[in-house]
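Please work through the following exercises with the sequence and the model in view. Each task is followed by a solution in steps.

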Amino acid sequence: MSADKPFTKENLDSYLKELAKEFRKKNGNRMLAEIILLGGAFKVL
């Protein structure tokens, strides 16, 4: 994904799925993670 695109309701889910995929690739499925949305990203939801 391009970092040039702003966060919108339509693309935020795609960004989060891509982040999860990269996290699993680097850390495996056994490590848990929590994502906390703040600021503008939170307001988009």
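**Exercise 1.** Determine which residues line the largest pocket of this predicted model, and classify them.

*Solution.* Step 1: The residues that line the largest pocket are Leu-19, Ala-20, Phe-23, Arg-24, Gly-28, Asn-29, Met-31, Leu-32, Ala-33 and Ile-35. Step 2: Sorted by class, this lining comprises seven nonpolar, two polar and one charged residues. Step 3: The volume of the largest pocket is about 170 Å³.

**Exercise 2.** Describe the protein chain in terms of its helices and strands, its buried residues and its exposed area.

*Solution.* Step 1: The protein chain contains two helices and zero strands. Step 2: Of its 45 residues, 11% are buried. Step 3: The area exposed by the chain is about 4,200 Å², and 57% of that area is supplied by carbon and sulfur atoms.

**Exercise 3.** Decide whether Asn-11 is buried or exposed, and state where Asn-11 is found.

*Solution.* Step 1: Asn-11 belongs to helix H1, which covers residues 9-27. Step 2: The relative accessibility of Asn-11 is 14%. Step 3: A residue is buried when its relative accessible area is under 20%; therefore Asn-11 counts as buried. Step 4: When neighbours within four places in sequence are left aside, Asn-11 is in contact with Lys-5 and Pro-6.

**Exercise 4.** Identify the partner of Lys-17 in a salt bridge, and describe how the two residues are placed in the helix.

*Solution.* Step 1: Side chains of opposite charge can pair when their charged atoms come close. Step 2: Lys-17 forms a salt bridge with Asp-13, and their closest N and O atoms are 3.3 Å apart. Step 3: Both Lys-17 and Asp-13 lie in helix H1, where four residues, about one turn of the helix, separate their positions. Step 4: Lys-17 counts as exposed because its relative accessibility is 53%, and the cut-off for exposed is over 50%. Asp-13, at 42%, counts as partly exposed.

**Exercise 5.** State how many salt bridges the structure holds, and analyse the one formed by Glu-22.

*Solution.* Step 1: The structure holds two salt bridges. Step 2: Glu-22 forms a salt bridge with Lys-25, with the closest N and O atoms 3.1 Å apart. Step 3: Glu-22 and Lys-25 are three residues apart in helix H1, so about one helical turn separates them. Step 4: With a relative accessible area of 33%, Glu-22 is partly exposed, whereas Lys-25, with 62%, is exposed.

Note on methods:
Residues are numbered from 1 along each chain as its sequence is written. This is a predicted model: local features need pLDDT of at least 70, side-chain atom pairs count only at pLDDT 80 or more; totals for chains, interfaces and linings use all residues. Side-chain values use heavy atoms; hydrogens and water are left out. Buried means under 20% relative accessible area, exposed over 50%, partly exposed in between (1.4 Å probe, protein chains only). Contact means heavy atoms within 4.5 Å. On a 1 Å grid over the protein atoms alone, a cavity is a set of points where a 1.4 Å probe fits but cannot get out, and a pocket is an open set with protein on both sides within 12 Å along at least five of seven lines; lining residues have an atom within 4 Å of a point. Grid points are joined across faces, edges and corners, and a volume is the space filled by probe spheres set on the points. Ala, Val, Leu, Ile, Met, Phe, Trp, Tyr, Cys and Pro count as nonpolar, Asp, Glu, Lys and Arg as charged, and the others, Gly among them, as polar. Accessible areas come from the Shrake-Rupley method with a 1.4 Å probe; for residues, only the protein chains shown count as cover. A salt bridge is a side-chain nitrogen of Lys or Arg within 4 Å of a carboxyl oxygen of Asp or Glu.
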